[in-house]
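Please open the structure in your viewer and keep the selection tool at hand. The tour below proceeds one selection at a time.

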Amino acid sequence: MVETSDQWIVDRTGIRQRHIAPPEMATSDMAVEAAKIALEARGIPATDLHAIIVCTVTPDMMFPSTACLVQDRIGAKGAFGFDLVAACSGFVYGLTTAAHLVASGEPKKVLVIGADTMSRILNYEDRSTCILFGDGAGAFLVETAEEGQEGFIDYLNEIDGSGGDALKMPAGGSRLPASHETVDQKLHCVHQEGNHVFKYAVSKMAETSRLLLERNGLSVEDIDLFVPHQANRRIILAVAERLGIPLEKVLINIHEYGNTTAATIPLATRDAVAQGRLKNGDLVVFAAVGAGYTVGANLWRWRF
Ligand code: COA
C-alpha cells in the first residue's frame, strides 16, 4: 500500500505485528469481550458494577456512548457510565477517575475499559501513521480496597492543548462535519506530526513519572514495574533511560500489538501478570502521553 519495509518499521518503531479487527467487529464488541474476561477473573456478576468507563477515540458512533452499548450487552443493570476521550492517555485518566469514584462513600466496583479500533481511522496512503496503530481492548476492575490495604496511591495528570494540531482526526465533529470534501481529503483519519509527538512523549512521560515518584518519597528502585503507553519502542527506551529504570522493570509489548491507543496499558498489564512480572502487592507506575496533548501517570499498589 505504501513505500516502506519490515526493516524500517521494526527499526524505527519496534512493531513486528498488529491485530486488525474484522469488518463486522466494532469497538464495543472488543470492549464487551474485555469486560467479560475481567468480571469472570474476579468472579462477580455485571450487576455488581457501579460504573463503566470506556476510554476510546474510536467509539462505535458519536452517541450513544460505547459505555451504554457495553452496559446493555453485559447486563450491568443499575450501573452508570460514560466514554472518556483522552487518546493514548485515556486509560490512565480512566484509572484516576475510577479510583476517585471508588473512594467516595460506600464500597463500589468500577470497570475501566480501554478499547480502540484504530484501523478504522487510518489513512493507508500515509506511511508515517498507517504502520503504527492496531486494534485491541483490555479492562481493569477498580474496587474498594480491603481494610488497611493500599491500592491507588497518587496521580499526576495534565493536558496541554497547545499541542492539539500535532495529532488529530480533523473532521467528523461540529467544526468539520462529514462531507464529500472531508472524505476525499482523508480528514476522518489520523493526522500526525510524528517527530513533534515523539519528542513531547519522551520528555513528558519521563518528567511526569519522575515527579510522581519524587513527591511520594520514592525512587525507581522502589518500583516493581513501569508500564508505559506503547507508542514506539524508541520512546519507551528513551523514557527508561531518562528515569534511570532498568529494562527488566519496564513492560514492552509493542512488537506484538503496535499502538492500540487506549488499550495498550491494560494489554501490557495483562501480559505482565501472565508472565509473573506483576504480582499482588507490587508497586507499579502506569504512564502515557497522547493526542491533545494529554499526559498522565498513576502510582498503584497492584492487587490481584
Ligand atoms: N517507511 C519508510 N520510511 C518512512 C516511513 C515508513 N513507514 N514513515 C516515515 N518514513 C520516512 C519519512 O518520510 C522520512 O523521510 P525523509 O527523511 O526522506 O523525509 C524519514 O522516514 C524520517 O522520518 P521521521 O518522521 O523523522 O521518522 P522518525 O524516526 O521520527 O519515525 C515515527 C517516524 C512516526 C515512527 C515516529 O516519529 C514516532 O513514532 N512518533 C511518535 C508517534 C506516536 O507515538 N504517536 C502516538 C502518540 S501516543
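Begin with the open sheet, in which 4 strands follow the order 5-10-9-8 with mixed pairing; strands are DSSP runs of E of at least two residues, numbered from the N terminus, and two of them pair if DSSP finds at least two bridges between them. Select strand 5 (152-159) and strand 8 (225-228): these stand at the edges with a single partner strand each, so one side of each has no neighbour in the sheet.

The model is predicted, so local features need pLDDT of at least 70 and side-chain atom pairs pLDDT 80 or more, whereas totals for chains, interfaces and linings use all residues. Residues are numbered from 1 along each chain as its sequence is written, and side-chain values use heavy atoms, leaving out hydrogens and water.

Next, add strand 10 (residues 294-301), which runs antiparallel to strand 5 and is joined to strand 5 by 7 bridges. Within this pair, phenylalanine 152 has tryptophan 300 of strand 10 as its bridge partner.

Now select the ligand and the 23 residues around it, meaning those with a heavy atom within 4 Å. Domain 1 (6-143) and domain 2 (152-301) both contribute to this shell, so the ligand lies between them; the domain bounds come from an automatic or database domain assignment.

Finally, show the side chains of arginine 12 and asparagine 232. An N or O atom in the side chain of arginine 12 is 2.7 Å from an oxygen atom of the ligand. For asparagine 232, a polar side-chain atom likewise lies 2.7 Å from a ligand oxygen atom.

Methods
A polar contact is a pair of N or O atoms within 3.5 Å; within protein, one must be able to donate a hydrogen and the other to accept it, and residues adjacent in sequence count only if both atoms are side-chain atoms.
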